[in-house]
Amino acid sequence: MTTKADRKRPLLVLESISKAYPGVVALSNVSMSVMAGEVLALIGENGAGKSTLMKILGGVVQPSSGHIIVDDVRCDRFLVTESQSAGIAFVHQELNVFDNLDVAANMFLGREIRSGFLGLLDEKAMRAAAEPLLRRVGAMFRPDTPVADLSLAERQLLEIAKALSIKAGVIIMDEPTSSLTLSETKTLMKVIADLKAEGIAVIYISHRLSEIEECADRVFALRDGKAAGELSQFEINHDAMIRMMIGRDLNSLYAPPARPAGEAVLSLRAVRTGAKPWALVDFDIHYGEILGVAGLVGAGRTELAEAIFGIGTILEGEIMLAGKPFRAASPRDAIEAGVYLVPEDRKRTGLVLESAICENICLADLGAVSRNGFVSQNLVKERAEDQRTKLAIRTTDVMRNTAELSGGNQQKVVLGKWLSMRPVLIIFDEPTRGIDVASKVEIYRLMRALADTGVGVMMISSDMEEVIGVSDRIVVLREGAIAGSLSRSQFSEHNVLKLAVGAIRKTNA
Amino acid sequence: QDKPQLAFVVNAASDFWKLAEAGVKKAQGELPGYELQFRYPAQGTAALQNALMDDLVAAGTDAIMISSADPKNSIDAFNRVAAQVPLFTTDSDAPASKRIAYLGSSNTLAGVQAGEIAVAAMPKGGKCMGFVGFLGADNAIERIAGFRKAVEGSGIELADVRGDDVDFARARSNVDDVLAANPDITCMVGFYSYNPPKIYEALQAAGKLGAITVIAFDEDPITLGAVREGKFAGTVVQDPYQWGYQGMHLMAKYLEGDKSGVPADGLIIVPTKVINASNVDAFEAELKERIGG
Amino acid sequence: MHKKDLGLAVLIIIVGAVVYLRNPLFLSPINLGNTANLIGLFGLFAIGQGFVIMTGGIDLSVGSMIALLGVIFVDMVGKFGVPWPVAILVVIAIGTLLGLAHGILITKLRMQPFVVTLCGLLIYRGVARGYTGEATAGFPFGAHYPALEWLTIGRSFGVPHSFYAMIIIGVVCWFLLHRSVFGRHLQAVGKNEDAARYSGIRTGFVITAAYVICAVLTAVAAVYFAMFTRSVQPSSHGNFYELYAIAAAVLGGFSLRGGEGSIIGVVLGAVLLQELQNLVNLLGIPSSLNFAVMGAVILSGVLADQQFNRYRAKRRAANAIRVLNRKGSTPRQAPATTDEIG
Amino acid sequence: MHKKDLGLAVLIIIVGAVVYLRNPLFLSPINLGNTANLIGLFGLFAIGQGFVIMTGGIDLSVGSMIALLGVIFVDMVGKFGVPWPVAILVVIAIGTLLGLAHGILITKLRMQPFVVTLCGLLIYRGVARGYTGEATAGFPFGAHYPALEWLTIGRSFGVPHSFYAMIIIGVVCWFLLHRSVFGRHLQAVGKNEDAARYSGIRTGFVITAAYVICAVLTAVAAVYFAMFTRSVQPSSHGNFYELYAIAAAVLGGFSLRGGEGSIIGVVLGAVLLQELQNLVNLLGIPSSLNFAVMGAVILSGVLADQQFNRYRAKRRAANAIRVLNRKGSTPRQAPATTDEIG
Ligand SMILES: Nc1ncnc2c1ncn2[C@@H]1O[C@H](COP(=O)(O)OP(=O)(O)OP(=O)(O)O)[C@@H](O)[C@H]1O
Ligand SMILES: Nc1ncnc2c1ncn2[C@@H]1O[C@H](COP(=O)(O)OP(=O)(O)OP(=O)(O)O)[C@@H](O)[C@H]1O
Ligand SMILES: [Mg+2]
Ligand SMILES: [Mg+2]
């Protein structure tokens, strides 16, 4: 029951696709079809097999069995080149940009514009072609910027722009907004609407259900690698989607704040960081409080968090932790003082992907699982098993490689690393990036529980719903400086956004 | 740079050339009007040696004496150098080139002398294994050929020669392996100066010193010690000291216009000597005096 | 024992069996003893190299370091009459300093390991050659150091002490790499330096320590080598040994990208390399073909091992699907026919 | 020209100036010609190595390949009377096949580049030594091949043709690496192979092509080397040349992790290495210190360059702050000024 009755035959059909990795069955007999001009949302818990299914469509992964039918042609072999010539564009979940190239080169990689009879690269033409696409997705950087200088969110925008640069019939977006803030997400929603109007099909994967409610024509759910049902446009709502994904209801997403906050656990006074030296930062985090930190992409939230954590420099200013002066020269100092950071880029800084899950969980605190300097494998496993049950990490074995986990489960491993220790202050940088609803609820509960035990919690998030739902107080960063602070009664999308873009002057701190 | 410069270029770093260096030093004392250089190449390849000679000529050297790692095939390089400065060869010759003269010993003759030691030491014949650094090097080929020629018909056979590329550990393990794999070997020949000491150490470790006849080349202290002890049948020594000493005088004279030192056939042969238990002490005393002085 | 190590062990046994069939002396005690000695010598510094490769680095300087430290050791003991225990300590101390220098240049001054240790390769050998004036450093004829010789080239129960040394150090290093906190940190740093730093690991310290361990083991090996050859020619002693060490580590399952490898593996790698050297002499293959045989065996061995593992992984995935299809009713069509595609 | 290349060029000029002041013959036409010839010879295959390093791989076999192909070339022309253009084609064809073999083993059979080319290093030299029976391959006495000699060891305007060859091939390779689609793909593959594959790049083809390019340039270099030395001793010809090539590339800014480097850089790297060789000979530094000098200059040069760049980056950041503080009264309210920083 798609929007228009005249959409006759599907653009693309996946027929009983199965995929097995050694020891894991990621997909079993999933069938799905995509119509022209529809936005098909693909939902499911972490590890349900969404990315795997899409990777098969993108030709990146070969199915163990099953077929793909494109324009009535049945393909037994579906490689990246076949996928591309079938008009499928792909925004990967794990970003695939090349930081030795510039933005335009990344955008046209594999489809370079050539000139001259030698067919050499036409950089000018590529940059010119890239410019409008970047503007379309609301990116502020230029086509000749080296990608090495882009932040995670900016890279995500680049990936989206890249997909738009392909003359595609189907665009797959695997969690395109996981690092984006509200304004970029809004821009993306508009882009999707435009694409739809052009008759282009969009397969949209996200764990932010409100986005799906806003843009999807149809929802397709996966559970444990199997198809778990479909929703037509009028059936789409939070509860129905959650029920399909996890097979039961979730009562409430956000736990209410408990008791009033205590004294300041961390306070920054007139702090300047090396990354944004012109901005002065002043704020406090109190014991037992969840402080939400909002801001636009590139506002410097990550840099501030890292500076506190001992990465990057603090030029001047005073930082007090639990009433004592605190200045971490390295993450080790911070960790010893009980200040932990859940970084936003788990692939690069959060996890040793090629290590076992249990290794990652114990990595920061090996002393606690060793005797006389020797690591006890039993203690390591015990501790990992403990976190696995607490965080519901979906894996058959904590000895598995972390790289084999789905994105969301990887994030839980990062959390598990810190939660197994004794924090004084935890900084969560985009803690639920790529995490499914059920686990999000779990993580919110964990954060609240941490706060309740008196830990200071700082939560940087680009998910407006989350910032408003979880925080006890919100500070908004703009250009590296505190643009303002909001107490619970002042919480609203409107207020946060206004501070973030600088439409109103700062209120009381 | 007013003083004429004379260079002595050797084929690889080795103790052997220390003696030649001593000869050059002695000559320097007698030739105050010249600046004498003694050059080792970075590695023992003809290509590097030839590049070194080109550089020396470019840097203003007036005459060169070279022990080439591969004289036969360096003829063009030799001719290129010889077109600019007088060029002499030592140690191994390139008679077809435009070099002025060769000063040194005959490796074939040295090989023959070694073979004669073997024949004298093993009247009933025997089976020999040879050890050498570079199997393909001219001096190795000539010594091996000379040895084979001398033992022909005497019941002595040189079964094989193992190369080690001048890796001492490998030189040693080659001997070890032969002792393990070929129990029928009754004699060993060390063709390069460091081979006999490795043979000595391997035999010592295996408790076979004296049981196997060893014929050596050159004058490594261990070799001489073994000869004195009677553990080695004998060693054939060259006289590199004279090469350095006479070579420098020869070049200096030549530059001064006195060409009487160059014989008609261009070959100045400094004879090789057989050292055995009877003359080893005298020889060693002479060596000490030369290096010390 | 890891699966990778097992593959290598099988290769070693197969090659050994073939050699034995063609020349039974291969298993004679003399030959085994000789080979064990070489395995000990090469194994020592190959293990050290393993630590460096674990960090994703490389140490090209070991061959030259063996030459330089060998010259120093022989000269101290043979020429200047320094008591040998002191000489060993001095050599190890110099090794430590060199390793420290490598580590600091790499971590503090952020130079590429390849560049730093390539310069080490050039400088150390150059210094050794310059110091001796190209002469060979050797002990005087007839000089004997019974205790030192017993320790280095002696044998007990027919097994050379260099082999015992390698085993003891190997066991210590096994605990260090596979069971200690430091070892875990090393592996994490090798796999993802940033993530390790974000977890509070002192990455600079860990990497520097790896270079120091490598240099110290190399220094120990240098003493053993010097005693084995009893003389050190600075221009050729230890030439190419860095390649041996790296090859042993890589054969033993170390990845040059860092983070992977086991001590057992690198020791087995050293065993294979020496077995191949030994084979050439035992089978009377012309010395000139030495390298060719070595290369061919390594290539085919690694290839066979890898193809076998890939085949096994494929079979396991196929099995999983089969089990699934049997459990669930019948899928829409019979996809079993497409099994071979994956 | 990149900043990195500039630093290297400055180092080359400084070293050159120092040498010139101590021995003005450094800039004599003869010496420049000789050095240019060597730069040409080494530059040729160093450029090839650059392509391989760009993929994150390594080719250790080039030295042995130069020996093997040199032996084949000399024997064909000198012994079997094959016309030299045919011989060159045959040598290049063999080079292509070897490169193809490396590429296929690495991409299709997923072996580590280090292992594959290490086996190449062992096998090719072994085959060369076995084929000639350790004898040196050389041309018959008095044999002359005017056209071939003109092409390889001839000079025009005092500049050796090997140098022209390197320049011409260098320019072609510059376009190939920095201006062509293939080059772009090569850079992408080197940085992140998986991601490149996801972008529809035929990574296997690109990597294989890099090894083929490397082998072909090495084959060309082998012919030039054979003509330069006029004889090829299989056991020593080209020994260690892989290290030269890798060192030239790394000095020239290539990262062994792949994805970074420039042709100009690798050529400058080759220039520096030859300049250092030349320096030792010209200044009459004992040859034994040759390597030590080379290592010390490289180390200090790279170090100085790096520290200088870090210092500059710091100064720039400090300046930015100063400008800001002067402009905006209170920085808190003046974020508009941050535009200049980006
Ligand atoms: N390379 C691999 N090797 C082994 N198992 C894998 C591999 N890639 C994915 N898996 C497994 O396949 C399953 C599906 O993973 P997939 O990435 O498709 O999940 P997802 O639905 O995209 O989850 P998320 O929302 O967290 O991104 C997971 O159980 C995962 O562990
Ligand atoms: N490696 C880098 N090199 C240079 N500039 C960078 C780098 N990483 C980030 N930046 C720049 O720093 C600015 C701040 O980035 P940061 O990640 O701290 O912002 P943020 O507020 O956390 O936003 P988000 O994480 O949503 O991108 C961005 O404008 C980005 O372009
Ligand atoms: Mg996913
Ligand atoms: Mg951020």
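This passage describes two ligand sites and two magnesium ions in a predicted model.

We can start with ligand 1, whose shell counts 18 residues, with A:Asn46, A:Lys50, A:Ser51, A:Thr52 and A:Glu404 coming nearest. Sorted by class, this shell holds 10 polar residues, four nonpolar ones and four charged ones. Helix α1 of chain A is the main contributor, giving three residues, the most of any element in the shell around ligand 1. Both α1 and α14 (407-419) of chain A provide at least two residues each. The shell also draws on two domains of chain A: domain 1 (4-87 + 185-246) and domain 3 (351-421) both give residues to it, so ligand 1 lies between them.

Several polar contacts can be picked out at this site. The backbone takes part through A:Gly49, a polar backbone atom of which is 2.9 Å from an oxygen atom of ligand 1. Side chains take part as well: an N or O atom in the side chain of A:Lys50 is 2.7 Å from a ligand 1 oxygen, and a polar side-chain atom of A:Thr52 lies 2.5 Å from an oxygen atom of ligand 1. On its own, ligand 1 has 640 Å² of accessible area, and the protein covers 85% of it.

The magnesium ion that is ligand 3 has two coordinating protein atoms, OG of A:Ser51 and OE1 of A:Gln93, at 1.9 to 2.1 Å. A:Ser51 belongs to helix α1 (residues 50-57) of chain A, while A:Gln93 sits in the loop between β6 (88-91) and α3 (103-107) of chain A, so the pair ties together parts that are 42 residues apart in sequence. A:Ser51 and A:Gln93 are both buried. A:Ser51 is also listed among the residues that come nearest to ligand 1.

Turning to ligand 2, 15 residues surround it, and the closest are A:Glu154, A:Gly300, A:Arg301, A:Thr302 and A:Glu303. In this shell, six residues are charged, five nonpolar and four polar. Helix α9 of chain A gives the most, with three residues of the shell around ligand 2. At least two residues each come from α5 (152-165) and α9 of chain A.

Polar contacts to ligand 2 again involve backbone and side-chain atoms. A backbone N or O atom of A:Ala299 lies 3.1 Å from an oxygen atom of ligand 2. From the side chains, an N or O atom of A:Arg301 is 2.5 Å from an oxygen atom of ligand 2, and a polar atom of A:Glu344 lies 3.0 Å from an oxygen atom of ligand 2. Taken alone, ligand 2 exposes 620 Å², of which the protein buries 73%.

The magnesium ion that is ligand 4 has A:Thr302 (OG1) and A:Glu344 (OE) as its protein donors, which lie 1.8 to 2.6 Å from it. A:Thr302 is part of helix α9 (residues 301-308) of chain A, and A:Glu344 is found in the loop between β18 (339-342) and α11 (346-350) of chain A, so this pair links parts that are 42 residues apart in sequence. Both donors fall under the 20% cut-off for burial: A:Thr302 is buried with a relative accessible area of 19%, and A:Glu344 counts as buried at 17% relative accessibility. A:Glu344 thus appears twice here, as a donor to the magnesium ion (ligand 4) and in a polar contact with ligand 2.

How values were computed: Residues are numbered from 1 along each chain as its sequence is written. Chains are lettered from A and ligands numbered from 1 in the order in which they are written. This is a predicted model: local features need pLDDT of at least 70, side-chain atom pairs count only at pLDDT 80 or more; totals for chains, interfaces and linings use all residues. Side-chain values use heavy atoms; hydrogens and water are left out. Donors are N, O and S atoms within 2.8 Å of the metal (3.2 Å for Na, K and Ca); water is not among the atoms, so sites may look incomplete. Helices (H or I, at least four residues) and strands (E, at least two) are DSSP runs, numbered from the N terminus. Buried means under 20% relative accessible area, exposed over 50%, partly exposed in between (1.4 Å probe, protein chains only). A residue is near a molecule or strand if one of its heavy atoms lies within 4 Å of it. A polar contact is a pair of N or O atoms within 3.5 Å; within protein, one must be able to donate a hydrogen and the other to accept it, and residues adjacent in sequence count only if both atoms are side-chain atoms. Accessible areas come from the Shrake-Rupley method with a 1.4 Å probe; for residues, only the protein chains shown count as cover. Ala, Val, Leu, Ile, Met, Phe, Trp, Tyr, Cys and Pro count as nonpolar, Asp, Glu, Lys and Arg as charged, and the others, Gly among them, as polar. Domain bounds come from an automatic or database domain assignment.
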